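Student: Could you take me closely through a single part of this model, chain A, and describe how it is built and how it meets its partner?

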Amino acid sequence: MSQEHVTGRKSQNGKPKVAFFDFASCEGCQLTVVDALQTHLDLLDAIEVVNWREAATLDGWDFDIAFVEGSITRPHDEERLRRIREQAKVLVALGACADTGCVNTLKNLLPPEEVRRYVYGDRAEWYETYAARPLSAVVKVDAVVPGCPIDIEEFVEVVKALLVGKRPPIPDYPVCVECKMKGNVCIFHVGGICMGPVTRAGCGAICPTYGDGCEGCRGLIPHPNENAMKDVLDEAGLSVDDIMHYFTMFNAYREVGTGKWE
Amino acid sequence: MRLRILPKEQVPGMVRALMADYRVWGPKAKGPQFAFEPLYDPAEMRLDYNISILSPKVALQPPQERIAVFRLGDGFTVEPVIEAEPTVIFGMHTCDLHALALLDKAFSADFPDAHYLERRQKTLIVSIECLQPCDEHSFCKSMGTWTADSGYDLHLIDLGETYGVYVGTGAGEALLTKYAQARPATDADVRRLNEVLSAKWPRFQHRLNFDAAELPSLLATAYDHPIWAELGERCLSCGSCTNVCPTCYCFNVIDSPDLSLKEAVRLRRWDSCQLDEFARVASGENFREARAARQRHRMFRKGKWLYERFGELGCVGCGRCIRACLTHINIVDTFNAIHASQHRR
């Protein structure tokens with residue numbers, strides 16, 4: 001993120017002004033922020049929300065920090081995102097759709113005409129869509145809050161980091177680290193499948209802690225050993241197709257980019 | 001050392017009584033495996049466990065702990081946080097006991113670590129003799145850690161209907177006197193002890209193909225060995241090998257302010273030399289960027305460097321890293337392969 005202190009442009013009460021926007025998403029990450037406001041009441045002492053369609057009747061454009069949920073799926077989304085980017089001192093991708101493209105980018109694996117027919121039927125030509133992509137494919141993104149959905153505590157940590165002008169402490173190590181620190185039984189040791197060894201931590205290994213394998217919603221770590229991971233999945237009995245499904249469910253954009261659409 | 005005899009039926013009552021005065025950690029079932037956790041009911045304790053997922057070091061060096069609090073008010077204040085409570089670790093195996101001796105040295109050297117040492121000082125250890133190897137990955141016999149004659153306050157040996165108890169310290173003696181009614185051993189008890197220990201011997205196999213005392217000098221010849229590249233290809237850099245290791249103690253320090261920015265806590269959290277960013281320094285340089293170099297670093301720590309530093313090998317043969325590794329990186333096979341190749345020359 002920019003070295004410049006985000007608190008440089010404060011409202012009169014001394015709090016940074018914050019806006020929330022969304023593109024293609026389920027809006028669940030913003031709902032998680034609403035949840036965070038209930039468990040961390042001091043959030044509203046620290047920031048001033050000036051624009052938030054989902055949770056307030058505010059539509060101000062004088063914001064410092066923009067949290068943007070959702071992936072970009074239509075050419076004309078780009079114009080709105082660029083407007084947000086021009087105004088924001090700091091632009092944060094909120095959640096997996098904005099950060100990695102998430103499940104929206106699964107459509108990039110399929111032929112465009114097939115997808116458009118499936119979704120819009122005989123009105124397909126009415127709708128202008130293109131390959132789904134993360135925000136960073138269109139504008140510069142200063143910080144991310146990964147995950148589908150985001151983790152409340154991590155969101156609060158990101159806010160704190162922005163308040164002091166530091167790079168948010170998003171882990172660059174895999175879920176296994178947090179899973180071991182919790183003393184969990186390894187999912188592979190009980191016959192399960194888990195993407196934890198290559199997936200970015202920060203969720204507190206929530207899925208393995210409750211007995212489900214990680215599905216990679218937080219995106220992959222910066223330098224995953226993909227070959228070794230594929231060997232692990234192969235040994236666990238997955239076919240080549242199934243291995244690809246695990247690598248693409250949340251991370252198709254990383255694997256194929258815009259895929260069959262361009 | 002005088003042997004005492006503790007009837008097994010006394011153990012639940014002893015643990016319950018201890019729980020009133022101490023936090024008592026013991027092995028509990030966790031799915032099909034075992035974990036050292038605080039006990040809330042003596043019936044949860046499984047002294048028949050084979051190996052715990054994490055070593056009992058979790059009671060002394062927790063995965064995350066607060067070490068200081070900062071406050072901004074009229075001035076700037078920093079207060080250390082030392083979280084230590086009277087603790088008993090019950091049922092520690094001797095491999096972990098040997099590991100604890102190394103952790104004690106590491107946290108006492110140079111800058112004595114008040115957080116660890118205060119906790120350690122308030123902790124009593126009741127260990128238990130293993131009568132069979134945990135599984136095929138145990139190599140405690142090769143590392144000389146399959147038994148112990150010190151490091152514990154009390155040491156139990158399963159004699160069938162009773163536990164034979166060795167008292168290692170005055171604190172152990174006091175604990176046994178206050179919380180149980182052990183009796184002196186009879187000749188028959190001593191004969192039974194000898195039978196049990198004699199039967200133990202052949203059940204354990206040497207798995208290193210050479211004397212562990214040769215490890216430091218063997219590794220000294222192996223810095224450029226081709227095996228590191230091979231391990232680097234396989235390593236996921238997930239850090240599981242070090243997180244489960246009873247002698248690994250590296251940590252990272254994180255400052256976390258509250259939302260008012262008037263108060264902050266300094267946390268320390270386990271770190272791992274196997275992670276990508278572990279060796280990144282302030283200039284931006286990462287001096288151990290390759291997985292191969294990181295695996296070599298781990299093996300050298302276990303087999304050479306900790307020995308040179310503290311006089312103890314960094315590996316106690318518990319086999320946890322082998323069980324945890326999804327790509328089958330095996331420290332015994334690695335050491336044996338290096339030994340074999342150096343002897344072929």
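**Chain A and its partner**

Tutor: As a point of reference from the partner chain, 42% of the 345 residues in chain B count as buried, while in chain A the share is 46% of 262 residues. The model is a predicted one, and the confidence for chain A averages a pLDDT of 94, with 95% of its residues scoring at least 70. A stretch to read with care is residues 1–8 of chain A, where the pLDDT is below 50, although the model gives this stretch 19 contacts beyond near neighbours in sequence.

The secondary structure of chain A consists of 11 helices and 5 strands. Its radius of gyration is 19 Å, close to the 18 Å that the globule rule gives for 262 residues, so chain A is as compact as a globular protein of that length. Along the principal axes, the C-alpha trace of chain A spans about 60 × 50 × 30 Å. Of the contacts in chain A with a separation of 6 or more, 75% are accounted for by residues 24 or more positions apart.

Within this chain, the assignment gives domain 1, covering 6–164, and domain 2, covering 175–255. The centres of domain 1 of chain A and domain 2 of chain A, taken over C-alpha atoms, are separated by 26 Å. In the contact between them, domain 1 of chain A contributes 17 residues and domain 2 of chain A contributes 13 residues. The side of domain 1 of chain A that touches domain 2 of chain A is made up, by class, of 8 nonpolar, 5 polar and 4 charged residues.

Turning outward, the contact between the chains takes 29 residues from chain A and 32 residues from chain B. On the side of chain A that touches chain B, at least two residues each are supplied by α2 (43–46), α6 (152–164), α7 (175–181) and α9 (226–235) of chain A. By class, that side of chain A holds 19 nonpolar, 4 polar and 6 charged residues.

As for the partner itself, chain B comprises 12 helices and 12 strands. The radius of gyration of chain B is 22 Å, close to the 20 Å that the globule rule gives for 345 residues, so chain B is as compact as a globular protein of that length. The C-alpha trace of chain B spans about 70 × 65 × 35 Å along its principal axes, and 70% of the contacts in chain B between residues at least 6 apart in sequence join residues at least 24 apart.

Note on methods. Residues are numbered from 1 along each chain as its sequence is written. Chains are lettered from A and ligands numbered from 1 in the order in which they are written. This is a predicted model: local features need pLDDT of at least 70, side-chain atom pairs count only at pLDDT 80 or more; totals for chains, interfaces and linings use all residues. Domain bounds come from an automatic or database domain assignment. Two residues are in contact if their C-beta atoms, placed from the backbone, lie within 7 Å. Ala, Val, Leu, Ile, Met, Phe, Trp, Tyr, Cys and Pro count as nonpolar, Asp, Glu, Lys and Arg as charged, and the others, Gly among them, as polar. pLDDT is the predictor's confidence in each residue, from 0 to 100. Helices (H or I, at least four residues) and strands (E, at least two) are DSSP runs, numbered from the N terminus. The radius of gyration is taken over C-alpha atoms; the globule rule is 2.2 Å times the number of residues to the power 0.38. A residue is buried if 20 or more other C-beta atoms lie within 10 Å of its own, exposed if 12 or fewer, and partly exposed in between; C-beta atoms are placed from the backbone.
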